[in-house]
Amino acid sequence: DRALADLVVLAFFFLLRVGEYTPSGTRTTRTTQIRRKDMQFWRKLPNGLMGRISPLATPADLLEATAVTITLDNQKNGQRDAVLHHDSIPNNPLCPCKAAARRFIQMRLCAPTDANAILSLYAPGKHVSATQMAGVIRVAALRSMVWLQGYDLSRIGPHSLRASGAMQLKLNGASDSMIQKMGRWSSNTWLQYLHGQISCLTSGLSARMATPVMYF
């Protein structure tokens, strides 16, 4: 349950595809799942610079990290070595840094000598699957009562975390180029994730469209 919760947080903040953090099974894919060696943790030094925390650091030190960096070695679209970075959010349970630290600590505990252990590892030889991710997200959606507002629960799955992360960035003023960078999109296809029915996104647009403009 803890692994599922932390993976939900990481997929949302880092706009991850489910295949980037769960096993691919028997399918042959281009994607390389995020491994323990792909994660780096940082602490802010007194001079304001960031100092790297050793991968052998104690769990307490890792959980006190002020930032985390994740490298995606290879992706579905063929993009190599994309580097993503997030700061910690103090006193907030939805902290990508602490979620990453907990996953790192568990991976190290389950496979101490394997730096290639992937993010979904939660017990020796056991991984969170894409199916389990879909199940927990749908349960959360069911409990949120969003279906009472007419939303179709069958449309919800692991990719919803990537889409909602992009939507959250847009609604909170992130630039289009930053959203594209965070999601590792090589084109403007990410625009399909911006849902036109969200009222705060189109607030005031009708008034602007109804304003006469003289032109030749």
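F13 is buried (under 20% relative accessible area with a 1.4 Å probe, protein chains only; exposed is over 50%, partly exposed in between), as its relative accessible area is 19%. This is a predicted model, so to speak of local features takes pLDDT of at least 70 and side-chain atom pairs count only at pLDDT 80 or more, while totals for chains, interfaces and linings use all residues. Residues are numbered from 1 along each chain as its sequence is written, and side-chain values use heavy atoms, with hydrogens and water left out.

F12, at 24%, counts as partly exposed. Rings of Phe, Tyr and Trp (its six-membered ring) pair if their centres lie within 6.5 Å, with planes under 30 degrees apart called stacked, over 60 edge-to-face and the rest tilted. That rule gives two aromatic pairs:

| Pair | Centre to centre | Angle between planes | Type |
|---|---|---|---|
| F12 and F13 | 5.3 Å | 85° | edge-to-face |
| F41 and F104 | 5.4 Å | 80° | edge-to-face |

The F41 and F104 pair links distant parts of the chain, 63 residues apart: F41 is in strand 1 (residues 39-44) and F104 in helix 3 (residues 96-110). Helices (H or I, at least four residues) and strands (E, at least two) are DSSP runs, numbered from the N terminus. F41 is buried at 2% relative accessibility, and F104 is buried with a relative accessible area of 2%.

Now for helix 4. M133, A134, I137 and A141 are buried there, whereas T131 and R143, on the other side of helix 4, are exposed. Just after helix 4, M145 has a positive phi of about 65°.
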